[in-house]
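Me: I would like to go through the ligand contacts and the charged pairs of this model. Please keep the answers short.

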Amino acid sequence: MSEPKKLFIKTYGCQMNVYDSERMSEALGGQGYVETKTPDDADMILLNTCHIREKAAEKVYSELGRFKGLKVEKPDLKIGVAGCVAQAEGEEIMRRQPLVDLVVGPQSYHRLPEMEAKTRAGEKALDTDFPEEDKFEKLKNRPKAKRGPTAFLTVQEGCDKFCAFCVVPYTRGAEVSRPADRIIREAHDLVERGVREITLLGQNVNAYHGAGVNGDMTLAGLIWELNKVDGLERIRFTTSHPNDMADDLIEAHGTCDKLMPYLHLPVQSGSDRILKRMNRSHTAESYLRLIERIRAARPDIVMSGDFIVGFPEEAEEDFQATMDLVEEVKYGYAYSFKYSTRPGTPAAERAQVDPAAADERLQRLQALITRHQREIQDGMVGRTVRVLFEKPGRLPGQMVGKSEYLHSVHVKGPEIAVGDLKEVRITESGANSLAGELL
Ligand code: SAH
Ligand code: SF4
Ligand code: F3S
């Protein structure tokens, strides 16, 4: 038998890219590849890229430049670019960086084995199609190896919302839901391999409407099915759009025991004028009322969100409306970004906000978010939470895991194993994590 070839994958961007990298690794596993942790001894390097902001996209080119030396040393080394930059820039990547052998968009990953063979034959391979076939079915090369206690599972991909700032509808394509039975089968497989918590993924995961036994299923319907899977302890999902937060999903937050009390529900801005210009089709008020209903169903839920600061035409009073909304919601976590112009999106053509003003607003927003985050985390002290342990901590005898609310919790206890789910009393709140003791 020949030596296995080595594959180095570097993943940027969102959780869906993490999931996709696993699938690509499995697909190339069928071609005799095993993963390696460094590019230095790789036979193939794959960058799984993100196009969401300019910085993310530019990183790819600087990273590629660094592989020049490696390719000189090892002419057989193949270099590939996958993900959203691949989809958005396609051939442009090969033009800008001739050492790239392969470019594959997110909807074509199942074609990776043939593409790899093509590069071995000395040709370049490019595929940025949106093919009709179900790539997930073709990617189901399921290894039986044990894995960690948490996993991602893509249930929906793509987006039809076309927010004025966003590249995702172009890079991931139209919204598509996977059939429920395939997702449930994949969940069973994951559980057999040691997984106890699954995060369902989708760019608009709560718009899920996959084929079920009795017609289309909602995300809540799917969650209830997964709730029946023995050995699966926790279910999460991300990312949701406020307009697709259906009644059955809100209700599930109050009644479904495996569904965790944490919800990522991006709003982007607190100003109705800006929300309209963003094409978000919800208002600050409708978002706040929605959160009221979610909290009525599950009072202890921890909310998380995304914000864009300095969107074209954002005035100081628009920004103030965002600050007011944050003050009202009090997020346990929130991610805020300075608006980044994305060529081809509607907002790119509009009057841009002075970058210095945008920077200053971003700092104010982040300070407020950090204060709330801190308060919510500190509020956990004295409470009992259930922690799913994921890995050893930095100190000897220490283990780290996540609470229901997604807080990292450090616990000392030599008797704790990875994958254990245990009750912990929180004793301390540190900079970015909690500490506690086993009950
Ligand atoms: N599907 C999700 C978001 C996907 S992108 C949703 O509907 O909210 C993740 C986050 O990146 C977005 O929520 C947004 O806050 C941010 N983002 C997207 N495009 C951006 C841009 N052009 N500039 C800055 N931030 C952006
Ligand atoms: Fe982008 Fe808007 Fe779609 Fe989210 S809903 S992926 S922000 S276009
Ligand atoms: Fe980035 Fe594509 Fe995800 S642009 S955020 S990798 S969907």
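Reply: This is a predicted model. The contacts of ligand 1 make a starting point.

Me: Which residue places a backbone N or O atom 2.7 Å from a nitrogen atom of ligand 1?

Reply: Arg 53 has a polar side-chain atom 3.2 Å from an oxygen atom of ligand 1. Gln 268 also uses a polar side-chain atom, 2.7 Å from an oxygen atom of the ligand. The backbone contact to a nitrogen atom, at 2.7 Å, comes from Gln 203.

Me: How much of the accessible area of ligand 1 does the protein cover?

Reply: The shell around ligand 1 has 6 nonpolar, 4 polar and 5 charged residues. Strands E15 (302–309) and E16 (333–338) each supply at least two residues of that shell. On its own, ligand 1 has 540 Å² of accessible area, and the share covered by the protein is 89%.

Me: Is Asp 359 buried, partly exposed or exposed?

Reply: Asp 359 forms a salt bridge with Lys 338, with the closest N and O atoms 3.1 Å apart. The pair links helix H15 (residues 355–378) to strand E16, 21 residues apart. Buried requires under 20% relative accessible area and exposed over 50%. Because its relative accessibility is 35%, Asp 359 counts as partly exposed.

Me: Are Lys 71 and Asp 101 buried or exposed?

Reply: Lys 71 and Asp 101 form a salt bridge, their closest N and O atoms being 2.5 Å apart. Lys 71 lies in helix H3 (residues 68–73), and Asp 101 in the loop between helix H5 (91–96) and strand E5 (102–104). Both residues are buried.

How values were computed:
Residues are numbered from 1 along each chain as its sequence is written. Chains are lettered from A and ligands numbered from 1 in the order in which they are written. This is a predicted model: local features need pLDDT of at least 70, side-chain atom pairs count only at pLDDT 80 or more; totals for chains, interfaces and linings use all residues. Side-chain values use heavy atoms; hydrogens and water are left out. A polar contact is a pair of N or O atoms within 3.5 Å; within protein, one must be able to donate a hydrogen and the other to accept it, and residues adjacent in sequence count only if both atoms are side-chain atoms. Accessible areas come from the Shrake-Rupley method with a 1.4 Å probe; for residues, only the protein chains shown count as cover. Helices (H or I, at least four residues) and strands (E, at least two) are DSSP runs, numbered from the N terminus. Ala, Val, Leu, Ile, Met, Phe, Trp, Tyr, Cys and Pro count as nonpolar, Asp, Glu, Lys and Arg as charged, and the others, Gly among them, as polar. A salt bridge is a side-chain nitrogen of Lys or Arg within 4 Å of a carboxyl oxygen of Asp or Glu. Buried means under 20% relative accessible area, exposed over 50%, partly exposed in between (1.4 Å probe, protein chains only).
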